[in-house]
Amino acid sequence: MKLLLVASILLFSLSALAENKAVKPTGSGSEDDPFLIGKIEHLVWMGENITNVSAKCFRLAADIDASETKGWNNGRGFLPIGYTHENKKAYASYPFRGCFDGGGHIISNLFINRKEQGAALFARIGTPVQNFDFSTNVLENLAQRSKEFATIKDLALIDCRFFGKDLAAGLACNIDFAL
């Protein structure tokens, strides 16, 4: 009985350590050499470093089974990419502005349960369009400014569970586009 208890405590301790393990993916983040995301720890790294990599390029290099996220953060699951914490409250304050190519791969069983807004893989994408120049051709201006927005393509989210206050979605809760 004691051996079973010790084994259970050890397993619980190891799973608690794994939940915050961020691993930097290979690649430089450029269009020609994107960060290659092949496991959940790479997505954790992406979220923890969003202020530095927001406008970088990423490519999903393999399917990711994120089942383990259900036990993370005291049952709150994966922390959406773009969240920050201030005064013990979470805010979706850093939009993802780069490119994320899913390569036709799948992220499955991702679990997010947040009391705050922003229960999605990306809490925010895009970037605010400020100081829009209405004196020029609107279509040309939009085409130029669109380079500042996120591109997310060829990605499937399957059997994921997202729970949140006010906003819960799959890919992104907030898309910035304010004139």
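Visitor: Let's jump right in: is Trp72 buried or exposed?
Guide: This is a predicted model, where local features need pLDDT of at least 70 and side-chain atom pairs count only at pLDDT 80 or more, while totals for chains, interfaces and linings use all residues. Residues are numbered from 1 along each chain as its sequence is written, and side-chain values use heavy atoms, leaving out hydrogens and water. Buried means under 20% relative accessible area, exposed means over 50%, and partly exposed is in between (1.4 Å probe, protein chains only). Trp72 has a relative accessibility of 4%, so Trp72 counts as buried.

Visitor: How many helices and strands does the protein have?
Guide: Helices (H or I, at least four residues) and strands (E, at least two) are DSSP runs, numbered from the N terminus. By that reading, the protein has four helices and eleven strands.

Visitor: What share of the residues is buried?
Guide: The protein has 179 residues to go through. The buried ones make up 37%.

Visitor: What share of the contacts between residues at least 6 apart joins residues at least 24 apart?
Guide: Contact here means heavy atoms within 4.5 Å. Take the contacts between residues at least 6 apart in sequence; the share joining residues at least 24 apart is 74%.

Visitor: Where does Phe122 sit, and is it buried or exposed?
Guide: Phe122 lies in strand β8, which covers residues 122-126. Its relative accessible area is 0%, so Phe122 is buried.

Visitor: Which residue is 41 residues from Phe122 in sequence and 4.7 Å from it in space?
Guide: That distance runs C-alpha to C-alpha. Setting aside neighbours within four places in sequence, the contacts of Phe122 include Met46, Phe96, Phe100 and Ile81. The residue 41 places away and 4.7 Å off is Ile81.

Visitor: How many aromatic pairs are there?
Guide: Rings of Phe, Tyr and Trp (its six-membered ring) pair if their centres lie within 6.5 Å; planes under 30 degrees apart are stacked, over 60 edge-to-face and the rest tilted. By this rule the count is eight.

Visitor: What angle lies between the planes of Trp72 and Phe78?
Guide: These two rings form a tilted pair, 6.5 Å centre to centre. Phe78 is buried, since its relative accessibility is 1%. The angle between the Trp72 and Phe78 planes is 35°.

Visitor: Why does the pair of Phe111 and Phe163 tie together distant parts, and how far apart are they in sequence?
Guide: The centres of Phe111 and Phe163 are 6.0 Å apart and their planes are at 55°, so this pair is tilted. Phe111 lies in strand β7 (residues 111-113) and Phe163 in strand β10 (residues 161-163), so the pair ties together parts whose separation in sequence is 52 residues.

Visitor: Which charged residue sits over the ring of Phe111?
Guide: A charge sits over a ring if NZ of Lys or CZ of Arg is within 6 Å of the ring centre and within 35 degrees of the ring normal. Here the charged end is 5.8 Å from the centre of the Phe111 ring, and it belongs to Lys70.

Visitor: Which cysteine is joined to Cys57 by a disulfide?
Guide: A disulfide is a pair of cysteine sulfur atoms within 2.5 Å, and the whole structure has one. Its S to S distance is 2.0 Å, and the partner of Cys57 is Cys99.

Visitor: Is that disulfide right-handed or left-handed?
Guide: Look at the torsion about the S-S bond of Cys57 and Cys99, which is about 130°. With that torsion, the disulfide is right-handed.
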